[in-house]
Amino acid sequence: MASRLRFAGLAAAALAWVVILASIALNPWFVFVRNAFSDLGGPHANYPWVYNYGLIGVAVLTFLFSAYLLSTSRNKVEAAGASYISVAAVFLALIGVFHEGTYPHVFVSLWFFVQFDLAIMAWSIGAAMAGDRAGWPLFLLGAAAPIPAALLRWPSAATLEAYGVAVIDVFVIAVTLRRPQQAVRTARPL
């Protein structure tokens, strides 16, 4: 089962960009350096359901990816990181449910990125503890990612969100490509 879920993260990353680009194409008023991606799912957007339901679909794939990581975790710290990804997936789905213009939207949007960053750091520490050479570089990715997000003046929320999604994509690609045969072979029972 775990081997079938291995590529769910890559599918989630690809679907996220497809949803964003399709929503932008359906909303010619959208300006990358002026708007937020969430504007594409707000009440003034054309076909906001494309963005909102698309995020929910991405969340399902992200949750399946977290199940893969959990099923192949080599220690409790990796398992904790995988669990944080499942919580991030719930927040991602909530962005689609509580679209722009609703009260909890800003909270769920922010916590999706915070939760995923914590997941990157936790999973990476566990990977390093298991002897995975990718562990510490991925930990540095997670630890350093918030610094430019907080310190740089971003032209728009969309540019900052694209940066956050790109950080997540780097992590997902690296984890998916890490020695999958070893990960499945050393998987512990849940």
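1. A residue counts as buried here when its relative accessible area is under 20%. Asp-132, at 5%, is therefore buried. Keep that cut-off in mind for the points below, and please remember that this is a predicted model.

2. Let me start with the charged side chains. A search through the whole structure turns up 3 salt bridges. One of them pairs Arg-74 with Glu-78, with 2.5 Å between N and O. Glu-78 has a relative accessibility of 0%, so this residue is buried too.

3. Arg-74 has a second partner: its side chain also meets that of Asp-132 in a salt bridge, at 3.2 Å from N to O. This pair links distant parts of the chain, since Arg-74 sits in the loop between helix 3 and helix 4, Asp-132 sits in the loop between helix 5 and helix 6 (135-144), and 58 residues separate them.

4. Asp-132 is shared as well. Its side chain forms a salt bridge with Arg-178, with an N to O distance of 3.4 Å. Arg-178 belongs to the loop between helix 8 and helix 9 (180-185) and Asp-132 to the loop between helix 5 and helix 6, so this contact ties together parts that lie 46 residues apart in sequence. Both Arg-178 and Asp-132 are buried. Through shared partners, the salt bridges join Arg-74, Glu-78, Asp-132 and Arg-178 into one network.

5. Now for the enclosed space. How many cavities of 30 Å³ or more does the structure hold? There is 1, and the volume of this largest cavity is about 310 Å³. Its lining is made by 23 residues, and those nearest the centre are Ala-16, Leu-55, Leu-92, Phe-112 and Val-165. Two or more lining residues come from each of helix 2 (8-26), helix 3 (48-71), helix 4 (76-97), helix 5 and helix 8. Sorted by class, the cavity lining has 17 nonpolar, 4 polar and 2 charged residues.

6. The largest pocket is the open counterpart to look at next. It holds about 590 Å³ of space. Its lining consists of 23 residues, with Ser-109, Leu-110, Phe-113, Ala-149 and Leu-160 nearest the centre. Helix 5 (105-129), helix 7 (146-151) and helix 8 (157-177) are the elements that give two or more residues to this lining.

7. Which element gives the largest share of the pocket lining? Helix 5 does, with 9 residues. By class, the pocket lining divides into 16 nonpolar, 4 polar and 3 charged residues.

8. Helix 5 also deserves a look from the outside. Tyr-84, Phe-107, Leu-110, Trp-111 and Leu-118 make a nonpolar surface patch of about 470 Å², and helix 5 supplies its largest share, 4 residues. Leu-110, which lies in helix 5, is worth finding in the viewer: this residue is among those nearest the centre of the largest pocket and is also part of the nonpolar patch.

9. One last residue to check is Gly-164, in helix 8. Is Gly-164 buried or exposed? Its relative accessible area is 14%, which is under 20%, so Gly-164 is buried. The C-alpha atoms of Gly-164 and Phe-116 are 9.5 Å apart, although these positions lie 48 residues apart in chain numbering.

Definitions and conventions. Residues are numbered from 1 along each chain as its sequence is written. This is a predicted model: local features need pLDDT of at least 70, side-chain atom pairs count only at pLDDT 80 or more; totals for chains, interfaces and linings use all residues. Side-chain values use heavy atoms; hydrogens and water are left out. On a 1 Å grid over the protein atoms alone, a cavity is a set of points where a 1.4 Å probe fits but cannot get out, and a pocket is an open set with protein on both sides within 12 Å along at least five of seven lines; lining residues have an atom within 4 Å of a point. Grid points are joined across faces, edges and corners, and a volume is the space filled by probe spheres set on the points. Ala, Val, Leu, Ile, Met, Phe, Trp, Tyr, Cys and Pro count as nonpolar, Asp, Glu, Lys and Arg as charged, and the others, Gly among them, as polar. Patches are made of residues with over 30% relative accessible area and no salt bridge: like charges are joined within 9 Å, nonpolar side chains (Val, Leu, Ile, Met, Phe, Trp, Tyr) within 5 Å. Accessible areas come from the Shrake-Rupley method with a 1.4 Å probe; for residues, only the protein chains shown count as cover. A salt bridge is a side-chain nitrogen of Lys or Arg within 4 Å of a carboxyl oxygen of Asp or Glu. Buried means under 20% relative accessible area, exposed over 50%, partly exposed in between (1.4 Å probe, protein chains only).
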